[in-house]
Amino acid sequence: MGRLRCIKFLLFAFNFAFWLAGLAVIAFGLWLRFGGVLRDLTSEEKSPEYFYMGLYVLVGAGALMVTVGFFGCCGAVRESQYLLGAFFACLLVIFAAEVTAGVFAFIGKKAAVQEVQTIYEEAYKDYVMDMGKSNETLIQFHTALQCCGKESELQVKPTCPEGIQVPKNCLDEIQNLINSNLHLVGIVGIGIAGITIFGMIFSMVLCCAIRNTRDML
């Protein structure tokens, strides 16, 4: 019975931490999508959906983590084998989702970078072809990344932020930004996937302990 209480306490503590981690994952994903520099890397017609898709998977997994963490606490307290079994199955789904997000982040960097660079180059081309027309997309990119143009800033200088001493290549800045953010997404995804393994182990150990205790009674 002492071992059962210890395992139950550990699983309860894990689920509470897992619930908090789920909230953190949701906040992280939403910040990258709506609150960071990436929010401005869109045009009126296009947005980097390939990159956003990875964020949506991350946020969805975070929401599932919050739900599973709550019900996992209930299963541990009530010593319900059914709830613990459902908890294990949900952790398996979260594990798959987080591994997918992590692998996507590391493998899909090139496609995500090319997608955003294409949005920039289209806006750049539209502006060069009609310099009298305002181009909000180009201005957004230059302001968000504090860069100006590609090889040269001369053709698009009116759209660049004031006070830039040494203009940076926007295509390089896009690549650096996407790579660094996808690296973070990958680390978070793989890290959470690793944590879920411990949750699955705890849930199975507790489930077996509950069954053995009831068999003895």
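1. A quick word on terms to start: helices (H or I, at least four residues) and strands (E, at least two) are DSSP runs, numbered from the N terminus. On that basis the elements of the protein run α-α-α-α-α-α from the N terminus on, with six helices and zero strands.

2. Please keep in mind that this is a predicted model, in which local features need pLDDT of at least 70 and side-chain atom pairs count only at pLDDT 80 or more, while totals for chains, interfaces and linings use all residues. Residues are numbered from 1 along each chain as its sequence is written, and side-chain values use heavy atoms, with hydrogens and water left out.

3. Now the overall picture. Of the 217 residues, 42% count as buried (buried means under 20% relative accessible area, exposed over 50%, partly exposed in between; 1.4 Å probe, protein chains only). Among contacts (heavy atoms within 4.5 Å) with a separation of 6 or more, 76% come from residues 24 or more positions apart.

4. On to the interior. The largest nonpolar core (a set of buried Ala, Val, Leu, Ile, Met, Phe, Trp, Tyr and Cys residues joined through side-chain atoms within 4.5 Å) has 45 residues, and Tyr120 and Ile178 touch the most other members. The elements giving two or more residues to this core are H1, H2, helix H3 (81-107), helix H4 (109-129), H5 and H6. H6 gives the most, with eleven residues.

5. Thr196 may be worth a look as well. This residue sits in helix H6 and counts as buried, at 0% relative accessibility. Leaving aside neighbours within four places in sequence, Thr196 is in contact with Phe18, Leu91, Ile94 and Phe95.

6. What forms the nonpolar patch on the surface? Phe16, Trp19, Leu20, Leu23, Phe70 and Phe71 do, with about 580 Å² of accessible area together. Patches are made of residues with over 30% relative accessible area and no salt bridge (a side-chain nitrogen of Lys or Arg within 4 Å of a carboxyl oxygen of Asp or Glu); like charges are joined within 9 Å, nonpolar side chains (Val, Leu, Ile, Met, Phe, Trp, Tyr) within 5 Å. Accessible areas come from the Shrake-Rupley method with a 1.4 Å probe, and for residues only the protein chains shown count as cover. Helix H1 (2-35) gives the most to this patch, with four residues. Phe70, in helix H2, is partly exposed at 48%.

7. Finally, a backbone detail. Gln146 has a positive phi of about 50 degrees although it is not a glycine; most residues other than glycine have a negative phi. Gln146 lies in the loop between helix H5 (136-145) and helix H6 (170-216).
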